[in-house]
Amino acid sequence: MSASQRRFAIVVGRFYEDLASRLLAGAQGAFERAGAEHEVFDVPGAFELPLGASYAARSGRFDGVACLGAVIRGETDHYDYVCAEAARGIQEVSLATLVPCAFGVLTCETMEQALARAGGGKRDSGAHAAEAVIRMAAMREQLAPAEEPRYAPARPLG
């Protein structure tokens, strides 16, 4: 199956709207270049990405999920918790469902750093997340047993 025969979800944390739009444009461009179909789902922020990814992965409609968002350090520990839980949760969705989920979440000290990583070119984190999930979907197909279900049965996360 080529990328043109695959369908992907993009789950976007919209807390930083400008960054989210840039990341989304990068991911959409990568999926379009690969000839892959995609559908976009918005969530409030990075903390909600794992649940959004879980909904998409467990739907059985997608070959992979690109998770996009941004967290910028502030004056409290909130940054550390959101970054860690978003990363852990997205990984757990991948492992629990066997549907590849890419971590396209900017975890930056400043808005300037985030803009540099969301603006295209070599540092286009949205495109990199889409490319990663395309590669992992291809690997899954290459290594999957003939009888593997499209997604794994639900099991508790954690």
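Which residues touch the most other members of the largest nonpolar core? They are Phe8, Ile10, Phe31, Leu68 and Leu106, out of 27 residues in that core. Keep in mind that this is a predicted model. The chain has 158 residues, and 46% of them count as buried. Its secondary structure comes to five helices and four strands, and from the N terminus on the elements run β-α-β-α-β-α-β-α-α.

**The sheet**

- The four strands make an open sheet with parallel pairing, and their order is β2-β1-β3-β4.
- β2 and β4 are the edge strands with a single partner each, so each has one side without a neighbour in the sheet.
- From one strand to the next, the twist averages 15°.
- As a bit of background, strands of a sheet pair through backbone hydrogen bonds, either parallel or antiparallel.
- Among contacts between residues at least 6 apart in sequence, 77% join residues at least 24 apart.

**β3, α3 and β4**

- Strand β3 (residues 64–72) and β4 run parallel, with eight bridges joining them.
- To get from β3 to β4, the chain passes through helix α3 (residues 78–97), and this β-α-β crossover is right-handed.
- Two bridges you can look up: Ala66 has Ala102 in β4 as its bridge partner, and Val71 has Thr107 in β4.
- Helix α3 packs on the sheet, where it touches β3 and β4, and its direction makes about 170° with that of β4.
- Strand β4 (residues 101–108) stands at an edge of the sheet, yet it is mostly covered, with six of its eight residues buried.

**The cores**

- Elements giving two or more residues to the largest core are β1, α1, β3, β4 and α5 (125–143).
- Helix α1 gives the most to this core, with seven residues.
- Leu68 is a good one to click on: leaving aside its neighbours within four places in sequence, its contacts include Ile10, Val11, Val12, Leu23, Leu24, Ala27, Leu49 and Ala129.
- Three glycines are also in contact with Leu68, namely Gly13, Gly104 and Gly126.
- There is also a second, separate core of 21 residues, and Ala9, Ala46, Ala57 and Val65 are among them.

**Helix α2**

- Helix α2 (residues 49–58) is mostly covered too: seven of its 10 residues are buried.
- The buried ones are Leu49, Pro50, Gly52, Ala53, Ser54, Ala56 and Ala57.
- What do they pack against? The buried residues of α2 pack against β1 (7–13), β2 (37–43), β3, α3 and β4.
- Two of those names turn up above: Leu49 is in contact with Leu68, and Ala57 belongs to the second core.

**Aromatic pairs**

- The count of aromatic pairs comes to three.
- One of them is Phe8 with Phe31, which is stacked at 4.9 Å centre to centre and 15° between the planes.
- Phe8 sits in strand β1 and Phe31 in helix α1 (residues 17–34), so this pair ties together parts that are 23 residues apart in sequence.
- Phe8 counts as buried because its relative accessibility is 0%, and Phe31 counts as buried because its value is 0%.
- Another pair is Phe15 with Tyr16, which is edge-to-face at 5.0 Å centre to centre and 80° between the planes.
- Are those two rings' residues buried or exposed? Phe15 has 61% relative accessibility, so it counts as exposed, while Tyr16 has 22%, so it counts as partly exposed.

**Positive phi**

- Most residues other than glycine have a negative phi.
- Leu98 is not a glycine, but it has a positive phi of about 65°.
- Where is Leu98? Leu98 lies in the loop between α3 and β4.
- With 44% relative accessibility, Leu98 counts as partly exposed.
- Gly60, just after α2, also takes a positive phi, of about 80°.

How values were computed
Residues are numbered from 1 along each chain as its sequence is written. This is a predicted model: local features need pLDDT of at least 70, side-chain atom pairs count only at pLDDT 80 or more; totals for chains, interfaces and linings use all residues. Side-chain values use heavy atoms; hydrogens and water are left out. Buried means under 20% relative accessible area, exposed over 50%, partly exposed in between (1.4 Å probe, protein chains only). Two strands pair if DSSP finds at least two bridges between them. A crossover is right-handed if, with the strands pointing away from the viewer, the path from the first strand over the helix to the second runs clockwise. Contact means heavy atoms within 4.5 Å. Rings of Phe, Tyr and Trp (its six-membered ring) pair if their centres lie within 6.5 Å; planes under 30 degrees apart count as stacked, over 60 as edge-to-face and the rest as tilted. A nonpolar core is a set of buried Ala, Val, Leu, Ile, Met, Phe, Trp, Tyr and Cys residues joined through side-chain atoms within 4.5 Å. Axes are lines fitted to C-alpha atoms, for helices over the stretch in contact, and angles run from 0 to 180 degrees between N-to-C directions.
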